[in-house]
Amino acid sequence: MRYLGLTEADRRDMLETIGVSSIDALFKDVPAGALNPRLDLPPHQGELEVERAFAAMAKKNVSPMDVPFFLGAGAYRHHIPAAVDHLIQRSEFLTSYTPYQPEISQGTLQYLFEFQTQVSMITGMEVANASMYDGATSAAEAVLMAQRITKRSKAVLSGGLHPHYRDTVATLMDQTDQPHVAAPVDLAGNEDLSTLIDDQTACVVVQNPNVFGHLRDLTSLAKACQAKGALLVVAVTEITSLGLITPPGAMGADIVVAEGQSIGVPLSFGGPYVGLFATREKYVRQMPGRLCGETVDQEGRRGFVLTLSAREQHIRREKATSNICTNSGLCALAFTIHMSLLGEAGLTRLAEINHGKAVQLAEKLAEMKGVAVVPQAFYNEFAITLPKPAAGVVEKLVEKKILGGVPASRLFPGDKSLENVLLIAVTETNTEGDMDKLVAALKEVL
Amino acid sequence: MNRQGRPTTPHAAANSAATGTLTGNRGLQMEEALLFEMGQDGRTGVDLPDAPKVKDRLGGLRRAGKIGLPGLSEPQVIRHFVRLSQKNYSIDAGLYPLGSCTMKHNPRLNEKMARLPGLGDVHPLQPVSTVQGALQVIDTLAGWLKTLTGMPAVAMSPAAGAHGELCGLMAIRAALKARGDVRKRILAPESAHGTNPATAALCGYTVDPIPATADGRVDLEALQAKLGPDVAAIMLTNPNTCGLFERDIKKVADMVHAAGAFFYCDGANFNAIVGKVRPGDLGIDCMHINLHKTFSTPHGGGGPGSGPVVLSDSLKDFVPVPYVVHGKDGLTLVESGDTKSFGRMKSFHGQMGMFIRALAYMMSHGADGLKRVAEDSVLSANYVLASLKDIMSPSFEGPCMHEALFDDRFLKDTGVTTLDFAKAMIDEGYHPMTVYFPLVVHGAMLIEPTESESKDSVDTFVNTLRGLAEKAIAGGENVAMFQAAPQLTPRRRLDETRAARSPVLRWKPGSNGAPIDKAAAE
């Protein structure tokens, strides 16, 4: 076995030092009959054989590399610079543990500090943590944090919130029978949540742009929250949007949660991704997750440590702000590197390209008979209505070798009002040729 | 700050005082500024085409003002992160004996497989007909996990170990609710991982500690006394956090079940028994598996992890969505519906990138190799225990499982603490073992060598610890060395109190080059 370091002679020597006659003697505490079960699994294999098996599985998938591709709905295809994947595979990043020994973890700690700074900057918030699992779990943690801060229980969930986020929040709140109000599905993008906020409301969770693509000014909602003492939690599923649009912090958000996948992290069939979590400085001691802070070493040199850990499970146990331990370190690193490469100019340009291409496609689709683009204002993703069920249309497009979007029915199963709605995302990876192919294929299918 | 992005004054002043060099660098140990201190407008590390000329549809929400991100070229970015990387310890560089964390070798084949076109780049919401291979990876991995644990079902979506614990307790809560049984208490040993009580609290349970016996196992009498009609579950790590197999585990299961409660097993230490013992044969109801421990997916400086949860027949109906099922046209996903599922835990389907790596690891080892993993990890830990028991102080009599627990009795009256001892290991080129955990012994040192190490490597490690223990016990001038350690690292001991008292959690404009510590800078 290529990954094991002991030889048979080593094993004999080591058993002798220990003073037992066999390895099984070390397992003497295992109940009788439970040791060494027969396992119906294949024996070990070489690299070549394993590679063949995976190549065969990979071939059964349609790769977005090979076809015009327009899926989004919480996960987006973006180009990742070659340097990102090279750097995250450096041994010292890839194969290190959580930086509990800061003297030999300054590399990890410094990039976490830089990550926290980047996330604070783009969301327009004061502080950010060192990452959560993904956008949806960040949203759930934000609700718990709002409950701790306001000492209230109710959460109001926007009808434009991605259903995976809505359901992740609801599942967690159900554990302690906390009330949550999910507003009706908001395809039109004109919901008024202020009427749902009362003096029991801990927070309102709203996504911007929302799941149907609507981009809204949340300033008045923030004021409505503030008037009732509730917090505004803003979820962002497409983080590149903040290169171009007003950040949630500038609209009055109290907590911003986001999916960071679009920067540096591959689609990878849905995970691992990286949850972003940012808030106001005054709430920092109520935050979930790890925080990296600046300090000095005993010679007065700047250095970094994990800090405020009195919030965390390994110190605080049942009184911790969250149970999170392992988070998304390496994905946060990928995000930090990609964001460093982009810089102000690159992120802005990238966002302009995404938006520009989306506008181009929206205009082409709007000209088609029976097709309507739903949102007026959007970033790189928008819902369209079709004259027939979107799921069937998407299947027909697959036959034409096009991955043509996400039918809303995939996210809102059973909702007849959304049966004909298709969600389309456009990024810098889409060429004009891709868009023309989609339009031509849709004309045939509809 | 100069234009090359190197810190000059006043950090360099402080640095040079410490190192005696002009730059603050020490040969290959490079000082490195923050990204934000080296950026310049008009520079970027990507080349993008012009944006299409369109009338924007941003509804008047175009960002006003700058974000403040620094502009850097690709070589600057690469040098920055390479220099940062060189300040980290890693498994690839040395033995990483962090008990309970299972820092084993991370095979690069796994990385390669996770990046294959068609696996690394597929979208989670593609039509299922276009992702049959991805679903096959999930289904195959699920099969391995069920076989290795002897359990009938597995929930694949939890994102890490603690998330898996949450999944298990949610399933237990749903099962209790389905039978109209409201229970309020969770029992967990005092030695439990902090995530256990934190997870229980998230689900609204109070946590009641179970004491341990003198030999480090669950005290059955105390357990019996604590069990009652309001106990929802016991959370028990096996092998436990003292590195010991809970030899009465079947009795524990029987007692817990007799009280109408469930048995949650924390599978963080599954590495010790994989391929050797099936937890399903021991009477458990559910267990999370850290793919980033037992199945070698890289820890990545703190994640991502993956924490699938195996479930017994009594819990399997309550699994979270989504899950993969065999349909008439191949594999398909159940993403919602009217089942008894307790709901959804995160976006999409789970940590696919980690699934691929874990499956590649399992296929590489096979049934024979995985059994060897457990055996060698236990053998190496016992070898460490046997080799050091005369000089350090083992907390419990062996044999241990995959990790050996020592406490600080051997340091008594030396003036050297567990922390000092750990920091001295750093100067010898080792990452310290886990210290001060578990909480049930004083000044704990938990050593997990893993199966990845050769005997030579373990011998050198053992000899180093022996030498350090001798120095500590000899005392005298040596004590100062321990208290000053580490001295050879990019940074010496850091002021954690200062970090927590007035937290600086981000860089801010204007803090460029500001003295970090005035006293030190002057």
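**Entry 1. Helix packing across the chains**

I began with helix H2 (residues 47-59) of chain A and helix H4 (residues 132-149) of chain B, which pack at an angle of about 135 degrees with their axes 6 Å apart. I note that the model is predicted. I recorded both values because two packed helices are described by the angle between their axes and the distance between the axes. Angles from 65 to 115 degrees count as roughly perpendicular and those over 145 as roughly antiparallel, and H2(A) and H4(B) are therefore oblique to each other.

I then listed the residues that make the contact. H2(A) supplies Met57(A), Ala58(A) and Lys59(A), while H4(B) supplies Gly133(B), Gln136(B) and Val137(B). By class, I find three nonpolar, two polar and one charged in the contact of H2(A) with H4(B).

**Entry 2. Helix H5 of chain B**

I looked up the length of helix H5 (residues 161-178) of chain B. Its 18 residues should span 26 Å at 1.5 Å a residue, and the end C-alpha atoms are 26 Å apart, which agrees. The expected span is 1.5 Å times one less than the number of residues.

Is H5(B) mostly covered, or how many of its residues are buried? I find that 15 of the 18 residues of H5(B) are buried, and I describe the helix as mostly covered. After H5(B) comes Gly180(B), with a positive phi near 70 degrees.

**Entry 3. Domains of chain A**

For chain A, the domain assignment gives domain 1 (82-338) and domain 2 (343-445). I looked up the distance between the C-alpha centres of domain 1 and domain 2 of chain A, and it is 28 Å. Their contact involves 15 residues of domain 1 of chain A and 21 residues of domain 2 of chain A. On the side of domain 1 of chain A that touches domain 2 of chain A, I record eight nonpolar, six polar and one charged.

**Entry 4. Domains of chain B**

I repeated the look-up for chain B, which is divided into domain 1 (110-363) and domain 2 (368-489). The C-alpha centres of domain 1 and domain 2 of chain B are separated by 30 Å. I find 20 residues of domain 1 of chain B in contact with 20 residues of domain 2 of chain B. The side of domain 1 of chain B that touches domain 2 of chain B comprises 10 nonpolar, seven polar and three charged residues.

**Entry 5. Backbone exceptions**

I next turned to the backbone, since most residues other than glycine have a negative phi, and most peptide bonds are trans.

In chain A, the peptide bond that joins Asn208(A) and Pro209(A) is cis, with omega about -10 degrees. I place Pro209(A) in the loop between strand E4 (201-207) and helix H8 (219-228) of chain A. In chain B, the bond from Asn238(B) to Pro239(B) is cis, with omega near -10 degrees. Pro239(B) belongs to the loop between strand E4 (231-237) and helix H8 (249-258) of chain B.

I also noted Ala73(A), which is not a glycine yet has a positive phi of about 55 degrees. The position of Ala73(A) is in the loop between H2 and helix H3 (82-88) of chain A. Is Ala73(A) buried or exposed? The cut-off for a buried residue is 20 or more other C-beta atoms within 10 Å; Ala73(A) has 29 and is therefore buried.

Thr102(B), likewise not a glycine, has a positive phi of about 50 degrees. I find Thr102(B) in the loop between helix H2 (74-85) and helix H3 (108-114) of chain B. Thr102(B) counts as buried because 27 C-beta neighbours lie inside 10 Å.

**Entry 6. The contact between the chains**

I looked up the contact between the chains, which takes 181 residues from chain B and 167 residues from chain A. Helix H9 (residues 352-388) of chain B gives the most to the side of chain B that touches chain A, with 20 residues. That side of chain B divides into 90 nonpolar, 56 polar and 35 charged residues.

**Entry 7. Thr168(A)**

Last, I looked up Thr168(A), which lies in helix H7 (residues 163-174) of chain A. Thr168(A) counts as buried because it has 27 C-beta neighbours inside 10 Å. The C-alpha atoms of Thr168(A) and Thr137(A) are separated by 6.6 Å, although the two residues are 31 residues apart along the chain.

Which residues are in contact with Thr168(A), leaving aside its neighbours within four places in sequence? From chain A, I list Ala136(A), Thr137(A), Ala139(A) and Ala140(A). From chain B, I list Arg344(B), Met345(B) and Lys346(B).

Definitions and conventions: Residues numbered from 1 in each chain as written. Chains lettered and ligands numbered in written order. Predicted model: local features only at pLDDT ≥ 70, side-chain atom pairs only at ≥ 80, totals over all residues. Axes fitted to C-alpha atoms, helices over the stretch in contact; angles between N-to-C directions. Helix = DSSP H or I, 4+ residues; strand = E, 2+ residues; numbered from the N terminus. Parallel < 35°, antiparallel > 145°, perpendicular 65-115°, else oblique. Contact = placed C-beta atoms within 7 Å. Nonpolar A, V, L, I, M, F, W, Y, C, P; charged D, E, K, R; others polar. Buried ≥ 20, exposed ≤ 12 C-beta atoms within 10 Å, placed from the backbone. Domains from an automatic or database assignment.
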